Amino acid sequence: MESHGGGIRRVLVLAVCVAGIWSAYIYQGFLQETVSTKRYGADKNRFEHLAFLNLAQNVVCLIWSFIMIKLWSSSSSGGAPWWSYWSAGITNTIGPAMGIEALKYISYPAQVLAKSSKMIPVMLMGTIVYGIRYTLPEYVCSFLVAGGVSIFALSKTSSKTISKLAHPNASLGYGLCFLNLAFDGFTNATQDSITGRYPKTSAWDIMLGMNLWGTIYNMAFMFGWPGASGYEAVSFCKQHPEAAWDILLFCLCGAVGQNFIFLTISRFGSLTNTTITTTRKFVSIVVSSLLSGNPLSTKQWGSVTMVFSGLSYQIYLKWRKLQRWQKKRKST
């Protein structure tokens with residue numbers, strides 16, 4: 001009975017993690033799209049300074065992680081020093097800024113789909129730079145994702161979706177998304193290097209260090225000289241409190257979502273987290289299409305299916321690899 005009760009608790013915790021990640025990030029995506037496309041106030045002006053979202057997110061997550069460390073952290077030494085995140089902080093500042101800026105030029109579903117193709121630059125860099133040989137199923141995954149994104153990009157976007165964009169430009173929008181992925185790749189590799197050198201580093205330590213440097217760099221970029229864009233962003237929020245409220249909710253969703261991601265990884269592993277976040281992206285596209293007025297053509301829905309079929313197959317391959325490793329470990 002005790003093991004049965006433990007199993008039920010584990011399922012309930014997983015259900016809470018799924019609900020937390022889905023609700024936080026789907027609503028954050030909705031808010032991100034709202035801030036980038038909505039015309040605020042009687043003057044019907046757009047919020048053009050989308051990089052300000054990253055600064056606001058850094059500040060909120062910095063405060064959040066500091067509170068979590070004070071409340072829950074059990075060790076005060078052995079983690080990575082705060083200054084070790086300076087280089088990852090640069091790419092983690094530039095990359096997300098490019099991803100958000102892309103929403104001026106392409107729709108939210110297009111942005112989500114493009115950013116879901118992270119495996120492509122990883123495999124290209126692995127093959128070209130490190131000479132890594134991938135298996136045929138891995139190439140199939142990459143083909144499905146690359147093909148789906150390409151078909152979506154080449155498909156005709158509805159006039160209703162285009163009319164909501166600040167500066168429609170598909171080439172520039174997709175280019176910014178892929179640069180975002182390239183910078184994310186460096187960020188992830190640097191974080192792995194830091195945790196390898198400092199094994200006692202917790203997820204909250206990483207969150208604190210990354211957002212500390214993100215806050216420093218974004219503050220310098222947005223307020224470093226008279227007339228910088230940050231002053232205009234603050235002025236816009238003062239004139240349009242509704243925009244300020246949307247930005248605050250956007251930041252809180254990100255902080256809450258990271259909580260559930262850390263909980264999922266610690267309790268169920270990174271593979272379960274990948275599965276949850278991948279399905280969340282698909283649901284985000286459906287929500288955007290149905291609720292935010294971004295209708296997709298039949299061809300575009302087909303390309304979305306291609307991309308997420310490739311991602312699902314990749315998750316299945318990781319699961320099989322994990323099963324083989326666990327089986328081998330038990331037999332030794």
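## Nonpolar surface patch

A nonpolar patch here joins Val, Leu, Ile, Met, Phe, Trp or Tyr side chains within 5 Å, each residue having over 30% relative accessible area and no salt bridge. This predicted model has such a patch on its surface, built from Val59, Ile63, Phe66, Ile67, Leu71 and Trp72. Together these residues expose about 630 Å² of accessible area.

Valine 59 sits in helix 2. Its relative accessible area is 31%. The patch requires over 30%, so valine 59 meets that cut-off at 31%. Valine 59 counts as partly exposed.

## Salt bridges

The whole structure holds three salt bridges. One pairs lysine 38 with glutamate 242, with 2.1 Å between the closest N and O atoms. This pair links distant parts of the chain, 204 residues apart. Lysine 38 lies in the loop between helix 1 (2-37) and strand 1 (39-40). Glutamate 242 belongs to helix 11 (residues 241-268). Both partners are partly exposed: lysine 38 at 26% relative accessibility, glutamate 242 at 43%.

Lysine 104 forms a salt bridge with glutamate 48, the closest N and O atoms lying 3.8 Å apart. Lysine 104 is in the loop between helix 3 (86-101) and helix 4 (108-115), and glutamate 48 is in the loop between strand 2 (45-46) and helix 2 (51-72), so the bridge ties together parts 56 residues apart in sequence. Lysine 104 also meets glutamate 101 in a salt bridge, at 2.7 Å from N to O. Glu48, Glu101 and Lys104 are thereby linked in a network.

Is lysine 104 buried or exposed? Lysine 104 is buried, because its relative accessibility of 9% falls under the 20% limit. Glutamate 48 is partly exposed, at 30%.

## Second largest pocket

The second largest pocket encloses about 560 Å³ of space. Its lining has 18 residues. Nearest the pocket centre are Glu138, Gln314, Leu317, Lys318 and Lys321.

Which helix gives the largest share of the lining? Helix 13 does, with seven residues. Helix 5 (119-128), helix 6 (136-154), helix 12 (270-291) and helix 13 (298-331) each supply at least two lining residues. By class, the lining divides into nine nonpolar, four polar and five charged residues.

Note on methods:
Residues are numbered from 1 along each chain as its sequence is written. This is a predicted model: local features need pLDDT of at least 70, side-chain atom pairs count only at pLDDT 80 or more; totals for chains, interfaces and linings use all residues. Side-chain values use heavy atoms; hydrogens and water are left out. A salt bridge is a side-chain nitrogen of Lys or Arg within 4 Å of a carboxyl oxygen of Asp or Glu. Helices (H or I, at least four residues) and strands (E, at least two) are DSSP runs, numbered from the N terminus. Buried means under 20% relative accessible area, exposed over 50%, partly exposed in between (1.4 Å probe, protein chains only). Patches are made of residues with over 30% relative accessible area and no salt bridge: like charges are joined within 9 Å, nonpolar side chains (Val, Leu, Ile, Met, Phe, Trp, Tyr) within 5 Å. Accessible areas come from the Shrake-Rupley method with a 1.4 Å probe; for residues, only the protein chains shown count as cover. On a 1 Å grid over the protein atoms alone, a cavity is a set of points where a 1.4 Å probe fits but cannot get out, and a pocket is an open set with protein on both sides within 12 Å along at least five of seven lines; lining residues have an atom within 4 Å of a point. Grid points are joined across faces, edges and corners, and a volume is the space filled by probe spheres set on the points. Ala, Val, Leu, Ile, Met, Phe, Trp, Tyr, Cys and Pro count as nonpolar, Asp, Glu, Lys and Arg as charged, and the others, Gly among them, as polar.
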